[in-house]
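Let's take a friendly look at how two chains meet, and then at how one of them is built. Please keep the view open as you read.

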Amino acid sequence: MWFEDIVLDEKKDLGCFTFTEDAIIAFGRKYDPQPFHVDPQAAKESLYGGLIASGWHTASVWMKLAIESRQNESKSESQSSGALARSGVSPGFENMRWLKPVRPGMTLRYSMTPIEKVDLKSRPELGLIKTLGEAHDEAGTLVFRFVGKGFVARKPKGSMA
Amino acid sequence: MTAPSPLLHFEDFHPGQTFVFGHYAVSREEIVEFAGEFDPQPHHLDDDAGKRSLLGGLAASGWHVCAMAMRMVVDGLIVKAANRGGVGADECRWMKPVRPGDILRVEVEVLETRASTSRSDIGFVHVACRIFNQREQVALLAMTPILARRRA
């Protein structure tokens with residue numbers, strides 16, 4: 001997928017992910033060992049009233065599903081082009097909010113929507129895409145959102161691709 | 001009389017204050033393991049693919065860098081604070097690639113403190129969190145609010 005091919009405001013469903021208690025605790029023990037992420041008993045007495053996923057776990061699963069989605073699409077696309085290898089790096093993100101606790105057994109549906117294309121004067125071979133990432137619970141309530149940024153390769157000049 | 005809590009509360013944070021802590025040794029195995037589970041792009045898994053990418057070599061997923069930063073912040077600051085959980089991050093910039101063998105540390109600078117208008121028991125401490133590598137380069141800059149309990 002080249003910069004030129006990306007259609008703004010077209011929401012892409014990235015599929016679902018179910019957070020198990022084991023996965024929540026495993027991530028928490030490694031990267032976010034606050035009681036409400038690692039200890040079901042202590043979590044009951046916390047302000048959350050039970051175990052919840054680390055916000056970074058919720059965010060990392062968005063990336064996981066975004067990559068899986070991209071890999072499924074690009075199977076039909078030629079990966080031989082060296083220029084496309086320049087895509088897929090991000091300078092950061094903005095406005096990340098963990099709006100609702102993510103509890104064991106919850107299934108979230110993730111999505112991504114390109115919302116802005118930015119030309120890069122210093123890097124004419126690339127463009128910057130801003131993407132709204134979201135996750136909703138089974139009732140359709142928004143539980144997580146952020147605006148990601150990603151460098152995407154432009155079609156090489158003179159290419160018929 | 002009970003002694004005041006030794007935990008850092010909202011009132012203990014002041015603009016300009018800086019907390020310095022952390023030590024995180026980044027291994028190749030961990031970079032590849034995290035990427036395999038959450039961000040399986042070639043430049044996070046393979047040296048040659050890393051060299052061909054914008055990163056110029058194998059580097060950790062940015063989400064992994066956030067997770068490692070969180071681990072250091074939990075161990076170095078949150079355990080000492082009357083913390084009420086996180087709400088997110090206003091901005092995060094991945095400034096330098098994080099590579100196998102890097103040693104990371106943290107500086108948290110308090111920018112602004114603001115009592116909650118809707119809840120009398122908490123306040124927001126807005127911080128800039130910088131993750132440095134052993135070359136004293138800022139690898140990650142995050143601007144984020146921390147929720148802290150107010151002293152009763």
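## Strands across the interface

In this predicted model, strand E2 of chain A pairs with strand E3 of chain B, residues 88-94, through 5 bridges. The two strands run antiparallel. Where should you look for a facing pair? A:Phe93 stands opposite B:Cys92, which belongs to E3(B).

## The wider contact

How many residues does each chain bring to the contact? Chain A gives 26 residues and chain B gives 30 residues. On the side of chain A that touches chain B, helix H4 (55-74) and strand E2 (92-98) each supply at least two residues. Strand E2 thus appears here as well as in the antiparallel pairing with E3(B).

And what is the make-up of that side of chain A? Sorted by class, 14 of its residues are nonpolar, 7 are polar and 5 are charged.

## Chain A on its own

Turning to the fold, chain A holds 4 helices and 5 strands. Their order along the sequence is β-α-α-α-α-β-β-β-β, so to speak in shorthand: a strand, then the helices, then the remaining strands.

The C-alpha trace of chain A spans about 65 × 30 × 30 Å along its principal axes. Of the 161 residues in chain A, 34% are buried. What share of the contacts links residues at least 24 apart in sequence? For chain A, the figure is 66% of the contacts between residues at least 6 apart.

Definitions and conventions: Residues numbered from 1 in each chain as written. Chains lettered and ligands numbered in written order. Predicted model: local features only at pLDDT ≥ 70, side-chain atom pairs only at ≥ 80, totals over all residues. Contact = placed C-beta atoms within 7 Å. Nonpolar A, V, L, I, M, F, W, Y, C, P; charged D, E, K, R; others polar. Pairing = 2+ DSSP bridges. Buried ≥ 20, exposed ≤ 12 C-beta atoms within 10 Å, placed from the backbone.
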